[in-house]
Amino acid sequence: MEKSYKENKDFFNEVSTYDDKKNRIIVITSGKGGVGKTTATANIGMSIARLGYKVALIDADIGLRNLDLLLGLENRILYTAMDILEGQCRLDQALVRDKRWKNLSLLAISKNRQKYNVTQKNMQNLVNSLSSLGYQFILLDCPAGIDVGFINAICSADEAIIVTTPEITAIRDGDRVAGLLEANGIYNVKLLVNRIRPDMIKNNDMMSVSDVQEMLGIPLLGAIPEDNQVLIATNRGEPLVLKKKLTLSGIAFENAARRLIGKQDYFIDLNTPYKGMFQKLQEFFLGSN
């Protein structure tokens, strides 16, 4: 067994120079905590996997992982990326395949009670190793804040999705993150506005999606409505996009995933989703009414 671990470390070092740009490495970030980054990572990742792509999700929040809970994989994590770096296991042993879609895998950086200093080189080696295994999409669930955890998560990414809510505090943090991404050479950035309430927008009690987009100056990937089913789905360990009868937020997440891979260029109508899911977003929702 010791020999296999040594071979694994040798393999890990060899693939650190892997440079295949065919896959897409996307960090999902926000700056402010509690805006729905992990929910977005789980649902967008699952949606892309359901479209036939090989997807790897990395929970980069050291010591405070939650992505495994949203996917219902918390009881199947035996090894983490820290075990790989220490030579205690192979990469394929730390990867946890989803029970429902085998082309979706999860890699946790550490266990909840572990706290290690992961370097940028460690993160780049992990991502390069996953790339060498043929993963077409690698999504990194970035920790909140803009400290070393944030820097380590974005260092290997080529693209970014900034998740925010229509609150001025979240928007300001999102603007700060956008500047840091650009400073670190990530220019392909998209915006996901979460927890939208069309009724409040109509009554001018909430900023519209166009208001948020104008403040941040970032191309819009999608708008996700407020949905009580998010809590239920989280407790069940089943992403919203897997429900037999999709809720409005589930449709919106699927829409965002399809836009991300270039399969559609329209927005759903959040007021009449089933009637207008193949129509563009209504003008009143964008604040033009």
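**A note on α2 and the largest pocket**

1. Let me start just past the end of α2, where Gly-52 adopts a positive phi of about 100°. Please keep in mind as you look at this residue that the model is a predicted one.

2. The helix before that glycine, α2 (37-50), is built from 14 residues and spans 20 Å between its first and last C-alpha, close to the 20 Å expected at 1.5 Å a residue. Most of α2 is covered, with 13 of its 14 residues buried.

3. Now to the largest pocket, whose volume is about 330 Å³. Its lining is made of 23 residues, and those closest to the centre are Val-35, Gly-36, Lys-37, Thr-39 and Arg-195. If you have the structure open, these five names are a handy place to begin.

4. Which elements each supply at least two residues of this lining? They are α2, β7 (188-196) and β8 (220-225). The biggest share comes from α2, which gives three residues.

5. The chemistry of the lining is mixed: eight of the residues are nonpolar, seven are polar and eight are charged.

6. The two strands named above also belong together, as β7 and β8 pair in the parallel sense over four bridges. For one pair to look up on your screen, take Leu-192, whose bridge partner in β8 is Gly-222.

7. Why is β8 described as largely enclosed by the rest of the structure? Because six of the six residues in β8 are buried, where buried means under 20% relative accessible area.

Conventions
Residues numbered from 1 in each chain as written. Predicted model: local features only at pLDDT ≥ 70, side-chain atom pairs only at ≥ 80, totals over all residues. Heavy atoms only, no water. 1 Å grid on protein atoms, 1.4 Å probe; cavity = no way out; pocket = protein on both sides within 12 Å on 5 of 7 lines; lining within 4 Å. Points joined across faces, edges and corners; volume = space filled by probe spheres on them. Nonpolar A, V, L, I, M, F, W, Y, C, P; charged D, E, K, R; others polar. Expected span 1.5 Å × (residues − 1). Buried < 20%, exposed > 50% of the residue type's maximum accessible area, 1.4 Å probe, protein only. Pairing = 2+ DSSP bridges.
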